[in-house]
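Colleague: Got a minute? I'd like to go through this model with you.
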Amino acid sequence: MANVVVVGAQWGDEGKGKIVDWLSERADVIARFQGGHNAGHTLVVDGTVYKLHALPSGVVRGGKLSVIGNGVVLDPWHLVGEMASLREQGVTITPETLMIAENTPLILPIHGELDRARESASSVAKIGTTGRGIGPAYEDKVGRRSVRVADLADDATLEARVDRALVHHDALRRGLQLAPVDRSKLLSDLRSIAPEILRFAAPVWKVLRDKRKAGRRILFEGAQGALLDIDFGTYPFVTSSNVIAGQAATGTGIGPGAIDFVLGIVKAYTTRVGEGPFPTELDDANGRRLGERGHEFGTTTGRKRRCGWFDAVLVRQTCATSGVHGISLTKLDVLDGFDVLRICTGYELDGRRLDYLPTAADEQARCNPIYEDLPGWHESTEGARSWADLPANAIKYVRRVEELIDCPVALLSTSPKREDTILVRDPFAD
C-alpha cells in the first residue's frame, strides 16, 4: 500500500485541509509531522465546518488513527481546548483515534510571551509571526531545553526540564523588560494538564512501523507551505521548522523509504500572509478581486492574505525541493470571469533573467516577474467534477501550469466542498 505525503507548495493556505480530508477516506493513519497550532485547516464535511489547528485533519473521520509526530511543537492547553470544541460538534476523540509522540516538544506559556515581546520590540523588519510561541519552542528543542510529552510522567524530570529552560528564558526576559517566570505556577499548570495529554502519548515511530508492516495506508499531513521552510523558504520570513516533504520522515520516525508519493498542494493563484518578498503581488483591482472571491483570510489569525498571479517559478522550485510527484491544484473557480490571466515564468534581476528565486534576501526583494498572458474564461468552474465540466480555456490554463512547473496535476479542486474534486491520478494507487 502506498504512503502519501501532502505538502503545501506555496506560502501556505493552499487548501491542504480539504485535500487531506478527501485523501483521508482512503487512508488508515493520518500523521502531522511539523509545525504547531499556527497552522489552520478548514474542513467542510457533509455541510459541517470544522476548524483545526493542532489536530490532524483525520480526526473528523471515524475509524481513522490520527497521529501528532515528534516534528510538531504542541501547546497542550490549546490541544485540550480544540478537542473540547470538536467534541461539541460530535467528533469522538479517544486514545484509540489519536496518538501523540512521546518525544514531542511542548509549547509553554513562556514561549508565546517571548514570541510576542520580540515581535513588538523589534527595531528591524518584523517577521510576522502569529505570536503563539512556535519559534521559541523550536529554539528550545534545538537548544536541548524542551519539556517534552514524556517528561510530564515524572515529576523530578519535569522540574529539571523546567529549571533548565528558565535559566535561558529568565535571562532573555530581563533584556525585554519582562518579569521572571513564575516557576511554581508553570509547574502547577503542567502537572494539571499532564493527565489529559499523557493518555494519548505513544511511541509513534513504533506504531507507524507496525502499521506499515501490516499494509496500512499512511497519510502524512504537512502544515504551512514549502516557501516558509526554514532552509528553503524566503528566509528570514519563514516558519521555524522544515516544511518540505523530507520532514515527514524525521518528524514521525518513519524512514524515508516509506514515502511512496508526494502530493504538492498548489493554489491556482498565489497568496501570502505576513511579511516577506512576493514577486507577483497585486496591489490593484485584480488583487482585491482574488482576495474577495477566494475569501483570503487566515484560518488561524484572521489576517488578510496578500494576493497575486500564479508564480510558476516558485512552484517549480518547491516541487523540486520536496520531490513532488503530482500536484493538487485548488481554487480554480476563483479565476472564473477574468478576461486575461497571467502566469510568472521567470524573473528579471539587474538585467539578468532567472528561472529560480535567488537565496539572498535583497535579491529576492528586487526580482521583477516576467509574465505570460493566457485567455481567461467566463463560464463557471465551481463544483466541476470532471474535465468535461471545465471550459476549454480553463483546461488550457491547467495544462500550461503543468508544463511550467514540470509536474502533472493529480487532483483538481473546484470548490471548498470535498466532493467537488477531479481525480486525475490517485496518489494511493502508486
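Modeller: Start with a helix pair: the crossing of helix 5 and helix 6 is right-handed, meaning the near helix is turned clockwise from the far one by less than a right angle (left-handed would be anticlockwise). Helices here are DSSP runs of H or I with at least four residues, strands are E runs of at least two, and both are numbered from the N terminus.

Colleague: Before we go on, what kind of model is this, and what are the ground rules?

Modeller: This is a predicted model: local features need pLDDT of at least 70, side-chain atom pairs count only at pLDDT 80 or more, and totals for chains, interfaces and linings use all residues. Residues are numbered from 1 along each chain as its sequence is written, and side-chain values use heavy atoms, with hydrogens and water left out.

Colleague: Back to the helices. At what angle do helix 5 and helix 6 pack?

Modeller: About 135 degrees, with the axes 11 Å apart. Axes are lines fitted to C-alpha atoms, for helices over the stretch in contact, and angles run from 0 to 180 degrees between N-to-C directions. Helix 5 and helix 6 are therefore oblique to each other. The cut-offs: under 35 degrees is roughly parallel, over 145 roughly antiparallel, 65 to 115 roughly perpendicular, and the rest oblique.

Colleague: Which residues meet there?

Modeller: From helix 5, Asp155, Leu158, Glu159, Val162, Asp163 and Leu166. From helix 6, Arg183, Leu186, Leu187, Leu190 and Arg191. Contact means heavy atoms within 4.5 Å.

Colleague: Now the sheet. What's the strand order?

Modeller: The order is 7-6-5-2-8-1-9-13-17-18, ten strands in an open sheet with mixed pairing. Two strands pair if DSSP finds at least two bridges between them.

Colleague: Which strands stand at the edges?

Modeller: Strand 7 (201-202) and strand 18 (421-423). Each has a single partner strand, so one side of each is left without a neighbour in the sheet.

Colleague: And strand 9, buried or exposed?

Modeller: Buried, which means under 20% relative accessible area; exposed is over 50%, and partly exposed is in between (1.4 Å probe, protein chains only). Seven of the seven residues of strand 9 (residues 261-267) are buried, so the strand is largely enclosed by the rest of the structure. Phe261, Leu263, Ile265 and Lys267 cover one side, while Val262, Gly264 and Val266 are on the other.

Colleague: What does strand 9 pair with?

Modeller: Strand 1 (residues 4-8), parallel, through five bridges. Strand 13 (residues 326-330) also runs parallel to strand 9, again with five bridges. Gly264 is the bridge partner of Val7, and in strand 13 the partner of Gly264 is Ile327. Lys267 has Thr330 as its bridge partner in strand 13.

Colleague: And strand 2? Which strands does it join?

Modeller: Strand 5 (residues 65-68) and strand 8 (residues 218-221), each in parallel over four bridges. Val29 is partnered by Leu65 in strand 5, and Ile30 stands opposite Leu219 in strand 8. Both faces of strand 2 (residues 29-32) are covered: Val29 and Ala31 are buried on one side, Ile30 and Arg32 on the other.

Colleague: How about Ile68, buried or exposed?

Modeller: Ile68 counts as buried, at 0% relative accessibility. Ile68 is found in strand 5. Leaving aside neighbours within four places in sequence, its contacts include Arg32, Leu98, Ile100 and Val204. Its C-alpha atom is 9.9 Å from that of Ala202, 134 residues apart along the chain.

Colleague: How many residues are in the largest nonpolar core?

Modeller: 55 residues. A nonpolar core is a set of buried Ala, Val, Leu, Ile, Met, Phe, Trp, Tyr and Cys residues joined through side-chain atoms within 4.5 Å. Phe220, Phe310, Ile327, Leu332, Leu335 and Tyr397 have the most contacts inside this core. Its largest share, six residues, comes from helix 12 (residues 392-405). Another core lies apart from it, with 36 residues, among them Val45, Ile100, Leu166 and Leu187.

Colleague: Where's the cis peptide bond?

Modeller: Between Tyr235 and Pro236, with omega about 10 degrees. Pro236 is in the loop between strand 8 and helix 8 (247-250).

Colleague: Last topic, His295. What is its phi?

Modeller: Positive, about 50 degrees, although His295 is not a glycine. His295 lies in the loop between helix 9 (285-293) and strand 11 (306-308). At 62% relative accessibility, His295 counts as exposed. Asp350 also has a positive phi, near 50 degrees, and counts as exposed at 51%.
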